[in-house]
Amino acid sequence: MRVSRVGYAAAKGTRHLARERLVLAADGVVGDRRWCFVDVAARRVLRTVAHPGLVGLVLDEVGDDLALEMPAGVPVRAPVVLSGESVTCDYWGREVALELVDGPFAEAASAHLGMSVRLARAPVGGVVYGGSVSLVGAESVAALGDLDPARVRANLVVGAGGAFVEDGWVGRDVAVGSAVVR
């Protein structure tokens, strides 16, 4: 099996970025959905299902800074400053404790999304709906037509040996480089 693309989104629901490499740890892809935007008043983590404008945002870690880009507007880059505040939010019916971030990110994202939001740091796996590593076959993506692999938001796109053969891997161990994922 050959890996043809790796990627993740540093913030839940934001644009999924191709990466040169990724690091797999026991609890998932390091850096994947480490951040999220929250509606503090409603105590909800924003998801693309309800807030499709999230995919227009690009949040990435650059050294000790976070960089936020929007389709329209000036990019924002600033150090991570945790506010000392935490909020427990609903994420698909389960509670997750989040650490709120100070800085220019809330104002920029709020303007883009048309609602008041805050950036928060999530615990590892805290804002992940399914498994902590996602994998799709390159042939499956190709079978879906003219589709950018980033649209399926998989951490790993692999040569699988045929369209949709990865459906048969559910619940099985699969070797990817020196890692084994299930």
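**Close-ups of salt bridges and nonpolar cores**

**View 1. Glutamate 99 and its arginine partner.** With a relative accessibility of 33%, glutamate 99 counts as partly exposed. Keep in mind that this is a predicted model. The side chain of glutamate 99 pairs up with arginine 121 in a salt bridge, and the closest N and O atoms sit 2.9 Å apart. Glutamate 99 belongs to strand E11 (residues 94–102) and arginine 121 to strand E12 (residues 118–121), so this contact ties together parts that are 22 residues apart in sequence. As for arginine 121, its relative accessible area is 22%, so it is partly exposed too; the cut-off for buried is under 20%.

**View 2. A salt bridge between aspartate 102 and arginine 118.** Here the two side chains meet at 3.5 Å, N to O. Again the link runs from strand E11, home of aspartate 102, to strand E12, home of arginine 118, with the two positions 16 residues apart in the numbering. Bring Glu85 into the frame as well: salt bridges with shared partners join Glu85, Asp102 and Arg118 into one network. Aspartate 102 is partly exposed, at 34% relative accessibility.

**View 3. Arginine 34 reaches glutamate 61.** Zooming out for a second, a search of the whole structure turns up nine salt bridges, and this pair is one with its closest N and O atoms 3.4 Å apart. Arginine 34 sits in the loop between strand E4 (28–29) and strand E5 (35–39), while glutamate 61 is in strand E7 (residues 58–62), so parts that are 27 residues apart in sequence get tied together. Both ends are partly exposed: arginine 34 has 32% relative accessibility, and glutamate 61 has 31%.

**View 4. The largest nonpolar core.** Which residues have the most contacts inside the largest core? They are Trp35, Phe37, Leu57, Leu59, Leu68, Phe105 and Leu119, out of 20 residues in this core. Two or more residues each come from E5, strand E8 (65–69), strand E9 (76–79) and helix H1 (105–113). H1 is the top contributor, giving four residues. As a general backdrop, nonpolar side chains in soluble globular proteins tend to be buried together.

**View 5. Another nonpolar core, apart from the largest one.** This core has 12 residues. Among them are Val45, Leu98, Ala122 and Val127.

Conventions. Residues numbered from 1 in each chain as written. Predicted model: local features only at pLDDT ≥ 70, side-chain atom pairs only at ≥ 80, totals over all residues. Heavy atoms only, no water. Salt bridge = Lys/Arg side-chain N within 4 Å of Asp/Glu carboxyl O. Buried < 20%, exposed > 50% of the residue type's maximum accessible area, 1.4 Å probe, protein only. Core = buried A, V, L, I, M, F, W, Y, C linked by side-chain atoms within 4.5 Å.
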